[in-house]
Each structure stands twice: as structure tokens, then as C-alpha cells.
Amino acid sequence: MKFRAIFLFIFVFKLSSFAYSYEEILYTIADVAKTQGVSPKILYTIVKIESNFEPFAISFLTNKENALYFKKLETQNIRIKISNYSLNRTKWVVSIKPKNQEYAKEIAKILVENGFSIDVGLGQLNSQNFKKDEFEYVFEPSYNLTKCAQVLRKCFNAKDKNMQKTIECYNYGMRNRGSNPYYKRFYEHYIKEFGSGS
């Protein structure tokens, strides 16, 4: 893999370290929810469990060998966490948290060019849901969450407005999983944040 040289290349250059505040992210969630016609509580919960409010987060599944390789590429500007995937013990999750949007864009481009299916940004939008020319914008909170809300709306319509199936679809796509592990996780976080009467 040619990632080592590219990650080192990114590390050498001093790029702006602009970050979004928690308050800005909350405002964006509320604004996008209103303009896209989705519940702000649902969008908030998705952001919480997908990225924990990290707008530059990138994650993907791979094998153990690749995961260990990527972990070695960690720098002070690019944090990398690896873990076994709970739903398939033969796969590993690589979670990359770059210091800023410029790092995130470059890393995401490299991964997609090398055939990885990646999830990016606040809502962990999958790379199947955006085009190469959207790398410039996909980590911006409003753009990312608008695209995520559109995926959620598409799932809602495709799954006959069934909320459980809609939430599962957001994570797993249009296929039928046969179980609802993502919805269970979503529901636990939703109740914790908003209570059962919401």
C-alpha cells in the first residue's frame, strides 16, 4: 500500500486547524432537520452514535492485516483507532480522526481511489452516497448532514415509513438485514438523550 508516504506527506504540511464547535454543530443539526423535514432528535442521535460530533471522522471496514497497517500510520495530526467489528469478527473497523478538514479530504480521496468504501463526517455518510467532486464539501457539517438527511428520507419512503426499518436502512442500506442491531443502538441512545416520552 502507498498510504505511508502519503500520510507522511500530509503530516509535513502545516494546514489550518479550523474546527467546528459543539454549538455550531447543534445549530446545523437543527437547521438541516428543519429544511430537510426530518426530526432534529433523530438527526442528533445519528450524529452522536456515528461520529460523536467529530466532523472530520472517517471510518471503514477491512481485514486485520490492513487495520494493523493503518494503525501504524497514526501521527499527532491523524488519530487512528482500530477495533474488531462486533457484527462480523473477521472484519476490523478503522476509525480515522484527522486534525482538520484538509487532512480529512486528502485521506478520504486516497482511500476511495484505493477501493475502500468509507463513511465520512458527522453522519458518517457512505462513499456510495457522494461523488468524487463532492470531497471538497462532504466534511462541512451542513453539506454532510443534508446528504445524510436525504438518505434518511429515502429510507423512510422505501421502508413504508416504518421508523425501525428506516433507521436500520440508514446504517445498512436497502438490503434486509434480518435483525436490527443498529436500531437497538440508536434507540438506547435516543432514550438516554431524550427520554421515552419524546
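Lysine 109 comes out as partly exposed in this predicted model, because its relative accessibility is 21% and the buried class stops under 20%. The residue sits in helix H5, which spans residues 101–113. Its salt-bridge partner is glutamate 136, and the closest N and O atoms of the two are 3.5 Å apart. Glutamate 136 belongs to the loop between strand E5 (125–126) and helix H6 (141–158), so the pair, 27 residues apart, links distant parts of the chain. Like lysine 109, glutamate 136 is in the partly exposed class, this time with a relative accessible area of 37%.

The pair doesn't stand alone. Salt bridges with shared partners string Glu102, Lys105, Glu106, Lys109 and Glu136 together into one network. As a rule, side chains of opposite charge can pair when their charged atoms come close. Across the model the count of salt bridges comes to seven.

Another of these bridges also involves the loop between E5 and H6. Here lysine 147 meets glutamate 134, with 3.0 Å from N to O. Lysine 147 is part of helix H6 while glutamate 134 lies in the loop ahead of it, so the bridge ties together parts that are 13 residues apart in sequence. Both partners, lysine 147 and glutamate 134, are buried. A further bridge joins lysine 71 to glutamate 74, again with 3.0 Å between the closest N and O atoms. Neither of these two reaches the buried class: lysine 71 is partly exposed at 31% relative accessibility, and glutamate 74 is partly exposed at 35%.

Back in H5, alanine 104 gives a view of the interior. Its relative accessibility is 0%, so alanine 104 counts as buried. Setting aside neighbours within four places in sequence, alanine 104 touches Phe56, Ile58, Pro98 and Phe139. Phenylalanine 139 is 35 residues away along the chain, yet its C-alpha atom is separated from that of alanine 104 by 7.6 Å.

The loop between E5 and H6 turns up once more with serine 127. This serine has a relative accessible area of 15%, which puts it in the buried class, since that class covers anything under 20%. Beyond its neighbours within four places in sequence, serine 127 is in contact with Val112, Phe116, Ser117 and Ile118.

Next comes the packing of the helices. H3 (residues 40–51) and H7 (residues 163–172) meet at an angle of about 40 degrees, and their axes are 12 Å apart. That angle makes H3 oblique to H7, because roughly parallel would need under 35 degrees. The crossing of H3 past H7 is right-handed. On the H3 side, the contact is made by Ile42, Ile46 and Glu50; on the H7 side, by Met163, Ile167, Tyr170 and Asn171. Sorted by class, these residues split into five nonpolar, one polar and one charged.

H7 also packs against H8, which covers residues 181–194. The angle between H7 and H8 is about 110 degrees, and the axes are 8 Å apart. H7 is therefore roughly perpendicular to H8, as the range for that class runs from 65 to 115 degrees. From H7, the residues in the contact are Met163, Gln164, Ile167, Glu168, Tyr170 and Asn171, and they meet Pro181, Tyr182, Tyr183 and Phe186 of H8. This contact holds seven nonpolar, two polar and one charged residues.

Tyrosine 182, in H8, brings these helix contacts together at the level of one side chain. Its relative accessibility is 5%, so tyrosine 182 is classed as buried. Leaving out residues up to four places away in sequence, tyrosine 182 touches Ile46, Ile49, Glu50, Ile167, Glu168, Tyr170, Asn171 and Arg177. Among them, Ile46 and Glu50 also take part in the contact of H3 with H7, and Ile167, Glu168, Tyr170 and Asn171 belong to the H7 side of the contact with H8. By contrast, lysine 154 is 28 residues from tyrosine 182 in sequence, and their C-alpha atoms are 17 Å apart in space.

Terms used. Residues are numbered from 1 along each chain as its sequence is written. This is a predicted model: local features need pLDDT of at least 70, side-chain atom pairs count only at pLDDT 80 or more; totals for chains, interfaces and linings use all residues. Side-chain values use heavy atoms; hydrogens and water are left out. Axes are lines fitted to C-alpha atoms, for helices over the stretch in contact, and angles run from 0 to 180 degrees between N-to-C directions. Helices (H or I, at least four residues) and strands (E, at least two) are DSSP runs, numbered from the N terminus. Angles under 35 degrees count as roughly parallel, over 145 as roughly antiparallel, 65 to 115 as roughly perpendicular and the rest as oblique. A crossing is left-handed if the near helix is turned anticlockwise from the far one by less than a right angle, and right-handed if clockwise. Contact means heavy atoms within 4.5 Å. Ala, Val, Leu, Ile, Met, Phe, Trp, Tyr, Cys and Pro count as nonpolar, Asp, Glu, Lys and Arg as charged, and the others, Gly among them, as polar. A salt bridge is a side-chain nitrogen of Lys or Arg within 4 Å of a carboxyl oxygen of Asp or Glu. Buried means under 20% relative accessible area, exposed over 50%, partly exposed in between (1.4 Å probe, protein chains only).
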